[in-house]
Amino acid sequence: MGSFILKGILIGLLFGMPAGAVGAMTAQRTLNYGMKAGLLTGLGSSVADCLYACIGAFGLPLISDFLLRYQNIINLAGGFLILGMGIRMFQIKNGGQKNPSDGAGGIRMFVTSFAVGITNPAAILMFLFAFSWFGIQGQTGLKHGICLVCGVFIGTYFWWGLLSGIVTVLKKKAKSNRFPIMNRVFGTVLSIFGAVVLVGNFID
C-alpha cells in the first residue's frame with residue numbers, strides 16, 4: 001500500500017507543477033488576498049485531479065466515455081471560463097483588498113479553480129499514461145486505489161502550497177503600486193490560455 005501512496009505522490013508532483021491557468025489563478029489570488037486564497041484555489045484543482053485519478057484507478061468507463069465523448073463541449077466551457085476570469089483580472093486595481101477567501105468568497109475561489117481543472121477531460125488519458133508509466137495496470141482494487149488517489153492529492157497540493165508560499169514571500173518584498181501591473185500580467189496569461197483552448201477546439 002505504501003508503494004501506491006508513493007507512486008501517487010510522484011504522479012501528483014508531475015501533474016501539480018504550478019503551470020497553466022490554475023497556476024496563474026493561484027499566484028494572482030495569493031498576491032492580492034493572501035496565502036489562504038491561494039491555498040483554496042489550489043485545493044479546487046487538486047480535487048479535480050483526484051476525481052480524474054479515481055477514474056483511472058478504479059476504471060469508471062461510463063464516466064470516462066461520457067467526458068471524452070463531449071470533450072470539445074467541456075473544453076469550450078473551460079476556455080470561456082478561463083478567458084472570462086482573465087478579463088476580470090484587468091478590473092482589479094490593487095492588491096491587499098478586503099479578503100474574499102472567507103465564506104462565500106472562499107467557496108467561489110474553490111469552485112472556479114475546480115471548474116477549470118475538471119473541464120479538461122484529456123486529463124483522464126494523461127493519468128492513464130502516468131499510471132502505465134509507473135507500472136500501474138488496470139483496476140487497482142479499493143485499498144490500493146484509495147492510496148493512489150490520496151498520493152495524487154498530496155503531490156498536487158504540495159505544489160500549490162509551495163507556489164502560494166513563494167508568492168507570499170515575494171509579496172512582502174514587492175511594492176503595492178506594482179500590484180495593478182501584476183494583475184494585468186496574470187490577466188493576460190489567463191486570457192491567452194483561454195483563447196488557446198477556444199481556438200484549439202474550433203480548429204479540431
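A disulfide is a pair of cysteine sulfur atoms within 2.5 Å. In this predicted model, the count under that rule comes to zero disulfides. The sulfur of C54 has its closest cysteine sulfur in C50, at 6.7 Å, and this is too far for a bond because a disulfide requires the two sulfur atoms to be within 2.5 Å. The sulfur of C147 is likewise too far for a bond from the closest cysteine sulfur, which belongs to C150 and lies 6.7 Å away. C147 has a relative accessible area of 7% and is therefore buried.

The protein contains nine helices and zero strands. Along the sequence, the pattern is α-α-α-α-α-α-α-α-α. Of the 204 residues in the protein, 43% are buried. Among contacts with a separation of 6 or more, 92% are between residues 24 or more positions apart.

Two packed helices are described by the angle between their axes and the distance between the axes. For helix 1 (residues 2–15) and helix 8 (residues 142–173), the angle is about 35° and the axes are 6 Å apart. The crossing of helix 1 past helix 8 is right-handed. On the side of helix 1, the contact is made by F4, I5, K7, G8, I9, I11, G12, L13 and F15. Helix 8 contributes H144, C147, L148, G151, V152, I154, G155, T156, F158 and W159 to this contact. By class, the residues of the contact between helix 1 and helix 8 comprise 12 nonpolar, six polar and one charged. C147, listed in this contact, is the buried cysteine described above.

Aromatic pairs were also counted, and the total comes to three. One of them joins F110 and F114, whose ring centres are 6.3 Å apart and whose planes are at 10°, so the pair is stacked. F110 and F114 are four residues apart in helix 6 (residues 104–118), which means that about one helical turn separates them. F110 counts as partly exposed because its relative accessibility is 23%. F114, at 22% relative accessibility, also counts as partly exposed.

The rings of F153 and Y157 form another pair, with centres 5.5 Å apart and planes at 20°, so this pair is stacked. Both residues are found in helix 8, where F153 and Y157 are four residues apart, about one turn of the helix. The relative accessibility of F153 is 28%, so F153 counts as partly exposed. Y157 is assigned to the partly exposed class at 23% relative accessibility.

A further residue examined was R29, which lies in helix 2 (residues 20–33). With a relative accessibility of 9%, R29 counts as buried, because that class covers values under 20%. When neighbours within four places in sequence are left aside, the residues in contact with R29 are G34, A37, T41, M85, M109 and T112. Of these contacts of R29, M109 and T112 fall within the range of helix 6, residues 104–118.

Terms used:
Residues are numbered from 1 along each chain as its sequence is written. This is a predicted model: local features need pLDDT of at least 70, side-chain atom pairs count only at pLDDT 80 or more; totals for chains, interfaces and linings use all residues. Side-chain values use heavy atoms; hydrogens and water are left out. Buried means under 20% relative accessible area, exposed over 50%, partly exposed in between (1.4 Å probe, protein chains only). Axes are lines fitted to C-alpha atoms, for helices over the stretch in contact, and angles run from 0 to 180 degrees between N-to-C directions. Helices (H or I, at least four residues) and strands (E, at least two) are DSSP runs, numbered from the N terminus. A crossing is left-handed if the near helix is turned anticlockwise from the far one by less than a right angle, and right-handed if clockwise. Contact means heavy atoms within 4.5 Å. Ala, Val, Leu, Ile, Met, Phe, Trp, Tyr, Cys and Pro count as nonpolar, Asp, Glu, Lys and Arg as charged, and the others, Gly among them, as polar. Rings of Phe, Tyr and Trp (its six-membered ring) pair if their centres lie within 6.5 Å; planes under 30 degrees apart count as stacked, over 60 as edge-to-face and the rest as tilted.
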